[in-house]
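User: I'd like to go through this model with you and ask why things are called what they are called. Could you set each value against its definition?

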Amino acid sequence: MSTRIAYFDCFSGASGDMLLGSLLDAGLPLDRLQAALRTLPISGWEIRVERQARQAIWGTGARVSYDEAAQPHRHLADILALIDGSELPASVKERAGAVFRRLARAEAHVHGTTPEEVHFHEVGAIDSIIDIVGVTAGLHLLGVEQVYASALPLGGGTVRVAHGELPVPAPATLQIVAEAGVPTRPHPAQVELLTPTGAALLAELARFEQPAMVVDAVGYGFGVREVPALNAVRVWLGRTLEPVPWQEDEAILLETNLDNTTGEALGYVQGRLLESGALDAWFTPIIMKKSRPAVLLSVLAPPARASELASLLLRETTTLGVRWRTVRRTIAGRRVETVHTPYGPVRVKVKELAGKPAGASPEYEDCAGLAREAGVPWQEVYDAARRAWAEAGRP
């Protein structure tokens, strides 16, 4: 089963309203979002949503309007009580509360107080509450189970807040980034690109990597900053790739041409290679210069053992050089089981795809030893082992 995921491409920073606008632009129904937010025990607010074009790109601006004079400043406990008093799903309450706790820790660190005593200003205003709860509720309504984000540009210059004019990034923003280990990237704009609300939402909700995914919808959430480039967050909504029923890895293919080595020496060196960690080793008849019959010796090596195995080839054969090549392998799962036959126990190598058996091969040496002891053909023991494995309820 695939998982519903969201990837926030923050090429021009992030704020709460930009993140919310991107979700609305990608298909989040406004009426369902408003119905969820109306369960918060606060009034006097409205979300204004506008589809617009900037730099020939269509997107959505989402702004919260309210009467600032009618709204009190709030402490962390006040905001958590509002969230807990709503009819939002428990997972939305938990996520929104965690975002505000992260904000409170950052503000407390910056101002030398405790999270409980922090007196929120901008982030305690009703628009920030609606943005934070709106993003967490929106992700829930869209069925998003995992959130990812790009590295975050911070901007530069200064920003005016309730405490006065401060450097960009704002101290609370930078503290959130530092505490969560958020990856950042430079941006030439001398304005605030990443707000404390945007930083807290992504630091709390997202993993900072770009996932492999199938993209079903894209949304642009427009900000209000005047920057040369498009001031927006782009969200990719989609699904994780269906898991493939195999694994992939890399190995080193070692090769050398031999036209003056005896069969006995070749057999010996093949055994030494396998004993020394080669994944496989084989011979291919070839014709070299001057029409000389020769052998191509090929060795499949784990990358960590390639040097050792190449040295072994130089020591144990007449070759003057070894070729290296990196190859990719697609590998089925495997495990070893023991089955019981009329001739004795036999180990069986079971092939697996997506965790389910997809065939089995009895071990040659086990079958050969039992065949010699019983005086019966090797094939008879081999077939008995396959029947025993199938009769144990496996395909």
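User: Which residues in helix 1 are buried?

Analyst: In helix 1, the buried residues are Gly16, Asp17, Met18, Leu19, Leu20, Gly21, Ser22, Leu23, Leu24 and Asp25. Buried means under 20% relative accessible area, exposed means over 50%, and partly exposed is in between, using a 1.4 Å probe and protein chains only. Helices are DSSP runs of H or I with at least four residues, strands are runs of E with at least two, and both are numbered from the N terminus. With ten of its ten residues buried, helix 1 is mostly covered. Gly27, with a positive phi near 125 degrees, follows helix 1.

User: Good. What should I keep in mind about the model itself?

Analyst: This is a predicted model, in which local features need pLDDT of at least 70 and side-chain atom pairs count only at pLDDT 80 or more, while totals for chains, interfaces and linings use all residues. Residues are numbered from 1 along each chain as its sequence is written, and side-chain values use heavy atoms, leaving out hydrogens and water.

User: What makes the pair Asp17 and Arg63 a salt bridge?

Analyst: A salt bridge needs a side-chain nitrogen of Lys or Arg within 4 Å of a carboxyl oxygen of Asp or Glu. The side chains of Asp17 and Arg63 meet at 2.9 Å, N to O, so the pair fits that definition. Asp17 belongs to helix 1 (residues 16-25) and Arg63 to strand 3 (residues 57-66), so this bridge ties together parts that are 46 residues apart in sequence. Both Asp17 and Arg63 are buried. The structure holds 21 salt bridges.

User: How do you know that Arg102 is buried, and what is Glu204 called?

Analyst: Arg102 has 12% relative accessibility, so it counts as buried. Glu204 has 27%, so it counts as partly exposed. These two form a salt bridge as well, their closest N and O atoms being 2.9 Å apart. Arg102 sits in helix 4 (residues 90-111) and Glu204 in helix 7 (residues 196-205), so the pair ties together parts that are 102 residues apart in sequence. A network of salt bridges links Arg102, Arg105, Glu179 and Glu204.

User: Why are Arg239 and Asp216 called partly exposed?

Analyst: Arg239 has a relative accessible area of 33%, so it is partly exposed. Asp216, at 39%, therefore counts as partly exposed too. Their side chains meet in a salt bridge at 3.0 Å, N to O.

User: Which residues touch the most other members of the largest nonpolar core?

Analyst: They are Phe8, Ile130, Leu139 and Leu202, in a core of 61 residues. A nonpolar core is a set of buried Ala, Val, Leu, Ile, Met, Phe, Trp, Tyr and Cys residues joined through side-chain atoms within 4.5 Å. Helix 5 (residues 126-141) gives the largest share of this core, eight residues. Apart from it lies another core of 17 residues, including Ile252 and Leu297.

User: Why is helix 10 called oblique to helix 11?

Analyst: Helix 10 (residues 364-374) and helix 11 (residues 378-391) pack at about 125 degrees, with axes 8 Å apart. Axes are lines fitted to C-alpha atoms over the stretch in contact, and angles run from 0 to 180 degrees between N-to-C directions. Under 35 degrees counts as roughly parallel, over 145 as roughly antiparallel, 65 to 115 as roughly perpendicular and the rest as oblique. The angle of about 125 degrees therefore makes helix 10 oblique to helix 11.
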